[in-house]
Amino acid sequence: PWSSRQPADHLEAQLIARRIEQAKRQREAEQRERQQNAAHEAFGLWHAAGPADPEHPYLRRKGCQPHDLRQLGDVLLVPLFVSRQLVNLQRIHPDGSKRFLRGGRVAGAYSPIQTPGVRLTEGSRLYVCEGWATGATIHEHNGAAVACAMNAGNLYAVADRLRLAYPYTEIVIAGDDDRQTEGNPGRTAAERAAAELGCGVVFPVWSGAEPLELSDFNDLRQWREANQ
């Protein structure tokens, strides 16, 4: 049973601290094992898959080219890398539902989109955004390299990692603008990450005519094309 009493002496306090540390190391070891298993699964699925079909329902709905995505059956595979090592996959089904591999690493991982053969050089611009379709939209608009962090909470970790890996590249965070969500988590996370890292930040520019549920650069592009 739980007890709120204080440790009886210094020795007991040390024992409790040691047990807490052992439990923490055990959890970390188990997490690493799960991540390694997921990375192994990701490698197998990625190499079993073929190039993504440009007519896949999700790509058609988003108006995006497949870039380097692969496809297994009717499922799109979005690769996530850490230090150029494949660590996880995001699986996108035709209905748009998305799932990562169980236990796979997401924190600090990203999916890159860039023009084949073009390397980041001094003065290059690298955008960090949330979702893959948002990244594809940005790349198709200006040709810049993009790292898709998958969620708002991962923007800082990805941008920080890339800032250290490419110190002469301009990092710009391309945030979502979750106007209908309390606290606007997309804008809040993007602004905080940009402020802490000292990098640029951009958001979709609304005219005022767009529905409030639109939040990212892909939403804006698709709405504009449908309402020209």
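A residue is taken as buried when its relative accessible area is under 20%. By this criterion Cys129, with a relative accessible area of 0%, is buried. The structure described here is a predicted model, and Cys148 is likewise counted as buried in it, at 0% relative accessibility.

These two cysteines invite a closer look. A disulfide requires a pair of cysteine sulfur atoms within 2.5 Å. The cysteine sulfur closest to that of Cys129 belongs to Cys148 and lies 4.0 Å away, which is too far for a bond. Seen from the other side, the sulfur of Cys148 has that of Cys129 as its closest cysteine sulfur, again at 4.0 Å and too far for a bond. In total, the structure holds zero disulfides.

Attention now turns to helix 6, which spans residues 217-226. At its N-terminal end the helix is capped by Asp216, a side-chain oxygen of which lies 3.0 Å from the backbone nitrogen of Asn218. Asn218 is itself one of the buried residues of helix 6, along with Phe217, Asp219, Leu220 and Arg221. The packing partners of these buried residues are two helices, helix 2 (57-62) and helix 3 (132-142), and two strands, strand 9 (170-174) and strand 10 (200-202).

The pairing with helix 3 can be described in further detail. The axes of helix 3 and helix 6 are 7 Å apart and meet at an angle of about 65°. Helix 3 contributes Ala133, Thr134, Thr137, Ile138 and Glu140 to the contact, while helix 6 supplies Phe217, Asn218 and Arg221. By character, the residues of this contact comprise three nonpolar, three polar and two charged.

Technical notes:
Residues are numbered from 1 along each chain as its sequence is written. This is a predicted model: local features need pLDDT of at least 70, side-chain atom pairs count only at pLDDT 80 or more; totals for chains, interfaces and linings use all residues. Side-chain values use heavy atoms; hydrogens and water are left out. Buried means under 20% relative accessible area, exposed over 50%, partly exposed in between (1.4 Å probe, protein chains only). Helices (H or I, at least four residues) and strands (E, at least two) are DSSP runs, numbered from the N terminus. Contact means heavy atoms within 4.5 Å. A polar contact is a pair of N or O atoms within 3.5 Å; within protein, one must be able to donate a hydrogen and the other to accept it, and residues adjacent in sequence count only if both atoms are side-chain atoms. Axes are lines fitted to C-alpha atoms, for helices over the stretch in contact, and angles run from 0 to 180 degrees between N-to-C directions. Ala, Val, Leu, Ile, Met, Phe, Trp, Tyr, Cys and Pro count as nonpolar, Asp, Glu, Lys and Arg as charged, and the others, Gly among them, as polar.
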